[in-house]
There are 2 protein chains.
Amino acid sequence: MQIDILQHLRKHITLSESEALIFNKYVEKQQLKKKEYLLEESKVCKSMYFVEKGCLRMYFINKKGVEQITQFALDGWWISDYQSLINNTPSQYYIQAIEACSIVSINKENLDHLVVELPQTEKYFRRMLQKDVAGTQHRSKLLYEMSKEEFYVHFSTSFPDFMQRVPQYMIASYLGLSPEYLSELRKKKL
Amino acid sequence: MQIDILQHLRKHITLSESEALIFNKYVEKQQLKKKEYLLEESKVCKSMYFVEKGCLRMYFINKKGVEQITQFALDGWWISDYQSLINNTPSQYYIQAIEACSIVSINKENLDHLVVELPQTEKYFRRMLQKDVAGTQHRSKLLYEMSKEEFYVHFSTSFPDFMQRVPQYMIASYLGLSPEYLSELRKKKL
DNA sequence: CGGTCTCTTGACGGAGTTCAAAGCTAGTGG
DNA sequence: CCACTAGCTTTGAACTCCGTCAAGAGACCG
């Protein structure tokens with residue numbers, strides 16, 4: 001699957017050809033190889049990132065020295081460490097490519113200019129953030145009401161294709177359960 | 001503590017007196033008594049709500065028929081069920097006053113008009129949502145890395161005043177642990 | 001084909017839940 | 001202003017979900 005960012009914008013706001021050119025002035029496109037990083041711990045997060053193609057993971061290192069995944073980002077999603085971005089503070093996260101990716105990034109300063117020059121983009125970003133909050137509210141509700149087993153079953157039936165795309169220990173980490181227990185659950189469900 | 005919404009806006013954007021009047025045209029103010037509702041299950045959430053004074057809780061009823069709190073909103077915070085708001089779908093949540101409250105609400109249509117008439121408010125709402133996402137990211141990180149005991153200690157030391165303000169069983173519900181276990185932890189820490 | 005990741009298995013232990021009952025507190029009405 | 005009641009908090013015992021540890025089996029890559 002491949003999502004062009006301009007297409008994505010135009011699902012939400014109208015943008016003429018000349019406006020699209022202006023938009024392109026403010027964003028940067030880059031290709032990422034598997035395992036390359038967009039953000040590393042202790043660096044300040046300067047940008048928001050849009051995945052046109054591929055898959056990113058966001059994680060931090062916990063007290064035991066183990067990677068703990070908190071978010072994935074697939075085609076068509078924005079991702080950033082907003083705490084670091086807003087406050088200019090060092091991030092505690094890594095954002096890394098799980099697959100080869102096409103990424104569009106926009107940094108803070110350019111974003112500020114962009115929304116002045118193309119005011120309708122402000123609405124686009126507001127909508128993206130609303131969607132983000134809505135998604136988090138939903139996920140958090142599931143976490144509150146489900147056992148880990150139910151959460152796993154829910155996730156694997158909701159995103160069967162995604163399960164094939166990433167290693168199981170990453171799914172386990174994201175779902176907040178041990179790889180061993182995930183393995184046990186898988187056995188039960190086959 | 002009491003936060004006037006215009007003051008709050010002016011922390012983020014500039015607003016002349018006449019613009020403030022326009023803003024006031026689009027929002028509604030209301031007083032809530034303890035236990036009154038802003039939103040109930042199966043109704044569509046039409047508005048975003050700002051707490052000028054008081055305290056709200058957002059909760060749903062889980063399978064066992066027990067109230068499960070997912071969010072609190074204190075003075076200076078916006079709250080809404082964004083999934084219901086965006087998609088016009090019935091909400092699964094209740095939003096209820098824990099204390100007597102002063103609430104400012106803005107519905108979807110008025111919000112759309114407002115951001116056209118006062119474009120700088122778009123930036124304000126974008127910032128509020130960014131702050132919301134940042135807060136959720138932070139909270140979710142804590143949930144991943146802490147045991148329930150650590151999470152409780154962290155919460156109670158971070159918000160000692162808030163602990164006094166609401167009943168313990170609500171804190172327990174929000175933290176995702178049983179009232180009995182919370183009681184046990186309290187004993188340990190005294 | 002050797003070595004490094006990844007996934008599976010089983011035994012064990014502990015954090016946290018559930019249930020039932022008793023002890024408190026605070027609000028309400030008489 | 002006191003007494004009653006409903007709601008909140010505490011206790012303790014039994015139980016269970018799920019993590020940890022250790023070891024083995026595949027799978028993938030140079």
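Which element gives the most to the surface near DNA strand D? I would like to start from that question this morning, and the answer is H9(B), which contributes six residues to that surface. Before going further, please keep in mind that what you have in front of you is a predicted model.

Let me stay with DNA strand D for a moment. It is surrounded by 17 residues, and the closest of them are A:Lys148, A:Tyr181, B:Gln168, B:Tyr169 and B:Ser183. If you look at the elements behind this surface, you will find that helix H6 (148-158) and H9 of chain A, along with helix H8 (168-175) and H9 of chain B, each supply at least two residues. Sorted by class, the surface near DNA strand D has five nonpolar, five polar and seven charged residues.

Now please turn to DNA strand C, which has 16 residues around it, with A:Gln168, A:Tyr169, A:Ser183, B:Lys148 and B:Tyr181 coming nearest. Here the elements that give two or more residues are helix H8 (168-175) and helix H9 (179-189) of chain A, together with helix H6 (148-158) and helix H9 (179-189) of chain B. For this strand the element that gives the most is H9(A), with six residues, and the classes come out as five nonpolar, four polar and seven charged residues.

How are the two protein chains related to each other in space? Chain B is superposed on chain A by a rotation of 180 degrees with 0.0 Å of shift along its axis, and the RMSD is 0.0 Å. The two copies are therefore related as by a two-fold rotation axis. If you want to find that axis from chain B, look for B:Arg126, whose C-alpha is the nearest in that chain, 2.5 Å from the axis. Both copies use the same surface, in that 96% of the contact residues of chain B recur in chain A.

That brings me to the contact between the chains, where 27 residues of chain B are in contact with 26 residues of chain A. On the side of chain B that touches chain A, strand S5 (67-74), helix H3 (82-87) and helix H5 (120-145) of chain B each supply at least two residues, and the largest share, 16 residues, comes from H5(B). By class, this side of chain B has 10 nonpolar, 10 polar and seven charged residues.

Let us move next to the nonpolar core. The largest one has 66 residues, and the members that touch the most other members are A:Leu56 and B:Leu56. Taking B:Leu56 and setting aside its neighbours within four places in sequence, we find contacts with residues including B:Val51, B:Phe72, B:Ile79, B:Ile95 and B:Cys101.

I will finish with a detail of the backbone, which concerns a serine in each chain. A:Ser42 has a positive phi of about 80 degrees, although it is not a glycine, and you can locate A:Ser42 in the loop between strand S2 (37-39) and strand S3 (47-53) of chain A. Is A:Ser42 buried or exposed? A:Ser42 counts as exposed because it has 7 C-beta neighbours inside 10 Å, and the cut-off for that word is 12 or fewer. In chain B, B:Ser42 likewise has a positive phi of about 80 degrees without being a glycine, and B:Ser42 is placed in the loop between strand S2 (37-39) and strand S3 (47-53) of chain B. With 7 other C-beta atoms within 10 Å, B:Ser42 is exposed.

Note on methods:
Residues are numbered from 1 along each chain as its sequence is written. Chains are lettered from A and ligands numbered from 1 in the order in which they are written. This is a predicted model: local features need pLDDT of at least 70, side-chain atom pairs count only at pLDDT 80 or more; totals for chains, interfaces and linings use all residues. Two residues are in contact if their C-beta atoms, placed from the backbone, lie within 7 Å. Helices (H or I, at least four residues) and strands (E, at least two) are DSSP runs, numbered from the N terminus. Ala, Val, Leu, Ile, Met, Phe, Trp, Tyr, Cys and Pro count as nonpolar, Asp, Glu, Lys and Arg as charged, and the others, Gly among them, as polar. A residue is buried if 20 or more other C-beta atoms lie within 10 Å of its own, exposed if 12 or fewer, and partly exposed in between; C-beta atoms are placed from the backbone. A residue is near a molecule or strand if its C-beta atom, placed from the backbone, lies within 6 Å of it. Copies are superposed by least squares on the C-alpha atoms of residues with pLDDT of at least 70 in both. A nonpolar core is a set of buried Ala, Val, Leu, Ile, Met, Phe, Trp, Tyr and Cys residues joined through C-beta atoms within 7 Å.
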